[in-house]
Amino acid sequence: MKKAELVAEVAQSTGLNQKDAAKAVDATFGAIIDAMKGGDEVRIANFGVFAVTDRPESQGRDPRSGEAITIKAARVPKFRAGKPLKDALNG
């Protein structure tokens with residue numbers, strides 16, 4: 001599902017027009033991103049948890065040359081699905 005399809009689904013299920021539904025979807029994603037930037041977890045009941053973890057610097061290999069390289073430390077997003085979401089997907 002692409003963002004435009006998500007907006008259309010939100011518009012249909014809420015009775016909003018496409019423009020207002022797009023604003024709602026953008027606001028939701030923006031709020032999640034802002035919270036994660038601040039290091040907070042976003043817990044959505046019956047869905048899951050969005051969180052940020054710190055990946056430490058590590059050593060790797062350049063696949064073309066085989067030369068050792070350093071992979072920079074980074075903050076990475078994680079998602080843990082909640083039990084109701086897992087149950088919905090698995091029957």
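This note goes through a predicted model, taking its helices, its largest pocket and a surface patch in turn.

1. Helix H1 covers residues 3–14, twelve residues in total, and its span of 16 Å from the first C-alpha to the last is close to the 16 Å expected at 1.5 Å a residue. Directly after H1 comes Gly15, which has a positive phi, near 85°.

2. Helix H2, residues 18–37, contains Ala27. This alanine counts as partly exposed because its relative accessible area is 49%, a value that lies under the 50% above which a residue would be called exposed. Between the C-alpha atoms of Ala27 and Gly60 there is a separation of 38 Å, the two residues being 33 residues apart along the chain.

3. The largest pocket has a volume of about 230 Å³, and its lining consists of Leu6, Val25, Thr28, Phe29, Ile32, Ile33, Ile44, Phe47 and Phe50. Helix H2 provides the largest share of that lining, namely five residues. An α-helix has 3.6 residues a turn, so residues three or four places apart point the same way.

4. Phe47 sits in the loop that lies between strand E1 (42–44) and strand E2 (48–55), and it is among the residues lining the largest pocket. Its relative accessibility is 35%, and therefore Phe47 counts as partly exposed.

5. On the surface, Phe47 also belongs to a nonpolar patch with Ile44 and Phe79, the three together having about 240 Å² of accessible area. Ile44, like Phe47, appears both in this patch and in the lining of the largest pocket.

Notes
Residues are numbered from 1 along each chain as its sequence is written. This is a predicted model: local features need pLDDT of at least 70, side-chain atom pairs count only at pLDDT 80 or more; totals for chains, interfaces and linings use all residues. Side-chain values use heavy atoms; hydrogens and water are left out. Patches are made of residues with over 30% relative accessible area and no salt bridge: like charges are joined within 9 Å, nonpolar side chains (Val, Leu, Ile, Met, Phe, Trp, Tyr) within 5 Å. Accessible areas come from the Shrake-Rupley method with a 1.4 Å probe; for residues, only the protein chains shown count as cover. A salt bridge is a side-chain nitrogen of Lys or Arg within 4 Å of a carboxyl oxygen of Asp or Glu. Helices (H or I, at least four residues) and strands (E, at least two) are DSSP runs, numbered from the N terminus. Buried means under 20% relative accessible area, exposed over 50%, partly exposed in between (1.4 Å probe, protein chains only). The expected span of a helix is 1.5 Å times one less than its number of residues. On a 1 Å grid over the protein atoms alone, a cavity is a set of points where a 1.4 Å probe fits but cannot get out, and a pocket is an open set with protein on both sides within 12 Å along at least five of seven lines; lining residues have an atom within 4 Å of a point. Grid points are joined across faces, edges and corners, and a volume is the space filled by probe spheres set on the points.
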